[in-house]
Amino acid sequence: MWPGSGLDLGPVWSLRARQLEQRLRTKEERIVVLETENALLHLKLAEYQGFAGRSTDEVLQLYSAHRQQQTLQSSSLVTQLHRAIQRLKQDLKSLHSFALELSKDFQHQCKTYLYQVLTAVQRIQLQNEAMQMFQIKAFDLEQSLQEVTERYEKEKHKRRALHNSLVELRGNIRVHCRIRPLLAFDTAAGHTIPQDRQRNFSEKVAYAADDETVLVKCNRPGHASINKTFQFERVYNASESQDTVFADVAPLLTSLLDGYNVCIMAYGQTGSGKTYTMLGPQLEENFAFSIEDESELGIIPRATQEVFRLISEKPPGSYWVEVSVVEVYNNEIFDLLAKDSCGRVFGVKRDVVTTREGKSDVPLLTYETVENASEFLHLVNKGLQLRVRHPTLVHAHSSRSHLVVTLTITTIVSGDNFGISWEDELTSQKRNKEVSCTFPQKMRENKSTFSSRASSPAQFETTEKPKQIKTRLQLVDLAGSECVGMSGVTGAALRETSFINRSLSALADVLGAIAEQRSHVPYRNSKLTHLLQDAVGGDAKLLVMLCISPDQKYLAESMQSLGFGTRARQVQRGQLKKKNLPVPSKAK
Ligand code: ADP
Ligand code: MG
């Protein structure tokens with residue numbers, strides 16, 4: 001029982017104890033279950049822990065393997081890089097040393113060059129100084145050379161003037177020599193030339209050594225080569241122009257108007273340039289000469305121009321000019337200006353006679369008055385078309401005749417102020433009476449105070465009456481001087497050649513006779529010499545223009561021409577006579 005309450009509580013406490021005992025057993029059972037579960041969990045944990053430990057090991061192993069691999073990889077790249085760097089370093093080193101050497105070399109070379117430049121500069125300076133000295137010397141020398149040249153030119157001039165006076169005093173024949181250039185036809189096979197001289201190439205053997213000397217190289221096969229020289233008043237080389245040739249001829253034309261007769265004749269073999277020199281280049285189609293290209297004109301047209309130029313400086317009407325054109329062919333004289341009844345020009349045979357005064361004259365010869373150079377050229381060209389020619393094998397347009405173009409200049413002077421003798425004038429009047437038919441109408445009209453040349457000599461009875469003085473310019477283009485056979489011609493042409501040769505030897509004989517001062521000069525042996533008698537042996541200023549082909553093929557002919565020229569130079573004809581003319585002042 002519960003103290004104080006008097007109730008018995010045993011059964012309640014026993015129930016309570018049983019319940020608690022029950023609960024304790026349940027709890028204990030639970031603890032056992034939990035302890036079992038716990039043990040199981042421990043086991044599982046241990047299992048997982050073992051598993052985790054193995055995984056960690058594996059991870060660690062893998063990690064270390066990875067690290068090892070990484071280390072391995074990086075170490076090989078580095079070595080490669082390292083090696084490359086090493087190599088680069090080596091290269092750099094060698095480059096550096098090379099650069100060092102180079103720069104040393106460069107410095108060394110720089111020094112050498114600098115030294116060289118310095119020495120060169122010094123040398124140049126020295127040379128400059130020397131050059132300046134030389135320049136001063138050269139200048140001095142140039143000046144003295146110029147002085148000497150001037151002196152030489154003056155002396156040459158004086159010598160020429162003296163020589164000219166001597167030539168005039170002695171009546172020498174002037175000889176100029178022109179050497180033409182080598183031309184295409186020189187190389188053509190010339191079957192007219194003897195076999196030993198035939199060559200198909202040109203070889204120049206004749207030269208102008210200076211302006212007064214011809215040098216000929218005589219190198220004939222089988223003979224020792226010899227150089228021969230020939231002296232003349234003037235020698236022209238192949239490059240000298242028509243202008244230059246004429247410049248030396250021009251003074252003779254002044255003499256013509258001063259009262260001298262003048263004759264210029266071209267001598268030389270066929271093809272040596274006689275016609276070219278006297279007239280100019282010929283036209284292919286009609287054998288006339290070309291008057292188109294003035295620079296190519298020869299002596300005849302230029303001389304005419306010069307004569308008219310000189311006349312233009314004189315008082316108007318005091319001079320007039322007549323022309324005759326004559327050809328000597330096969331020893332016959334033909335008047336190339338003669339006209340038939342219809343006025344056509346045709347060659348008429350004329351004769352040459354000796355007058356009582358011993359002068360040569362061609363009766364009935366046609367003289368045409370010309371008032372200017374172009375009228376003259378027109379006339380001469382007409383006459384030239386009648387000139388006989390024959391194509392020789394040397395040269396297709398070779399002239400087979402001698403051509404003589406004569407310009408007669410008549411000067412009208414009034415009063416007694418000139419010194420020509422009365423008889424001379426009368427004979428001159430008589431000589432020229434045949435030409436009265438061609439006395440210019442214009443002149444007669446212009447000079448109403450004057451009579452024609454056919455007028456009676458009575459016109460000169462008082463000294464106040466006008467007088468006529470005639471001077472003559474004869475321009476001669478001789479036919480080729482080659483030997484017979486040279487031109488490869490036969491028959492009629494051979495006859496022509498033989499006439500040409502005979503007339504040229506007659507010319508040489510005449511010169512020989514004059515040179516030897518023989519009493520008889522054989523002018524009449526040939527019509528050519530007879531016609532040119534006054535010019536060759538008389539009072540004319542005579543210029544022989546020797547024409548030379550420079551080719552070896554023509555050596556014999558060239559030597560023959562040079563020999564002719566040399567002999568001509570030696571001819572002394574005595575002092576030339578001048579027809580005294582007054583010096584009229586130009587009319588204002
Ligand atoms: P020739 O009258 O002596 O027989 P040419 O005067 O007819 O000779 O000349 C022969 C050729 O040579 C012509 O064709 C001519 O034009 C030419 N000739 C002559 N001399 C010269 C020269 N100095 N310069 C150029 N050509 C020339
Ligand atoms: Mg000719």
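This tour goes through a predicted model of a single chain, stop by stop, stating what to select and what is found there.

**The whole chain**

Begin with the full chain in cartoon view. Its secondary structure comprises twelve helices and 15 strands. Of the 588 residues in the chain, 41% are buried. Switch to a surface view: the accessible surface comes to about 33200 Å², and carbon and sulfur atoms account for 57% of that area. Contacts across the sequence can be considered at this stage as well. Among those between residues at least 6 apart in sequence, 71% join residues at least 24 apart.

**Residues 138-165**

Select residues 138-165. The UniProt annotation, from an unreviewed entry, gives this segment as "coiled-coil region". In the model, the segment is 100% helix and 0% strand. A distance drawn between the C-alpha atoms at its two ends reads 38 Å.

**Strands β2, β3 and β4**

Next, select residues 206-210 and 213-218, which are strands β2 and β3. These two strands run antiparallel and are joined by four bridges. They form a hairpin, with two residues between them. To see how they are aligned, display Ala-208, which stands opposite Val-214 in β3.

Now add residues 226-231, strand β4. Strand β4 runs antiparallel to β3, and six bridges join the two. Here Cys-218 stands opposite Ile-226 in β4.

Remain in β3 and select Thr-213, which is found in that strand. Is Thr-213 buried or exposed? Its relative accessibility is 7%, so Thr-213 counts as buried. The side chains of Thr-213 and Asp-210 are joined by a polar contact of 2.9 Å. Leaving out residues up to four places away in sequence, Thr-213 touches Tyr-207, Ala-208, Thr-229, Phe-230, Gln-231 and Val-235.

**The annotated binding site**

Select residues Gly-268, Gln-269, Thr-270, Gly-271, Ser-272, Gly-273, Lys-274 and Thr-275, which UniProt lists under "binding site" in an unreviewed entry. Two of the listed positions merit individual display.

Gly-273 is placed in the loop between β6 (261-267) and α4 (274-278). With a relative accessibility of 17%, Gly-273 counts as buried, because the limit for that class is under 20%.

Lys-274 is in helix α4. Lys-274 is buried too, with a relative accessible area of 6%. Which residues does Lys-274 touch, not counting those up to four places away in sequence? They are Ala-266, Tyr-267, Gly-268, Gln-269, Asp-477, Leu-478, Ala-479, Gly-480 and Cys-547. Among these, Gly-268 and Gln-269 also appear in the UniProt "binding site" list.

**The cysteines**

From Lys-274, move to Cys-547, one of the residues that Lys-274 touches. Cys-547 is buried, with a relative accessible area of 1%. Why does Cys-547 form no bond with the closest cysteine sulfur? That sulfur belongs to Cys-177 and is 7.8 Å away, so the pair is too far apart for a bond; a disulfide would require the two sulfur atoms to be within 2.5 Å. Then display Cys-263, which is buried at a relative accessible area of 0%. Across the whole structure, a search finds zero disulfides.

**Asp-534 in helix α11**

Select residues 533-537, helix α11, and display Asp-534 within this helix. Asp-534 is buried, with a relative accessible area of 10%. Its side chain makes a polar contact with the side chain of Arg-472, at 3.2 Å. Setting aside neighbours within four places in sequence, Asp-534 is in contact with Gly-358, Lys-359, Ser-360, Arg-472, Asp-539 and Ala-540.

**Leu-511 in helix α9**

For the last stop, select residues 491-515, helix α9, in which Leu-511 is found. Leu-511 has a relative accessibility of 6% and therefore counts as buried. Not counting residues up to four places away in sequence, Leu-511 touches Ile-173, Val-536, Phe-564, Ala-568 and Val-571. Of these, Val-536 falls in helix α11 (residues 533-537), the helix of the previous stop. Finally, draw a distance from the C-alpha atom of Leu-511 to that of Arg-567: the separation is 7.7 Å, although the two residues are 56 residues apart along the chain.

Definitions and conventions
Residues numbered from 1 in each chain as written. Chains lettered and ligands numbered in written order. Predicted model: local features only at pLDDT ≥ 70, side-chain atom pairs only at ≥ 80, totals over all residues. Heavy atoms only, no water. Buried < 20%, exposed > 50% of the residue type's maximum accessible area, 1.4 Å probe, protein only. Pairing = 2+ DSSP bridges. Contact = heavy atoms within 4.5 Å. Areas by Shrake-Rupley, 256 points an atom, 1.4 Å probe, with all protein chains shown as cover. UniProt positions renumbered as here; feature names shortened; annotations may be inferred. Polar contact = N/O pair within 3.5 Å; in protein donor to acceptor, adjacent residues only side chain to side chain.
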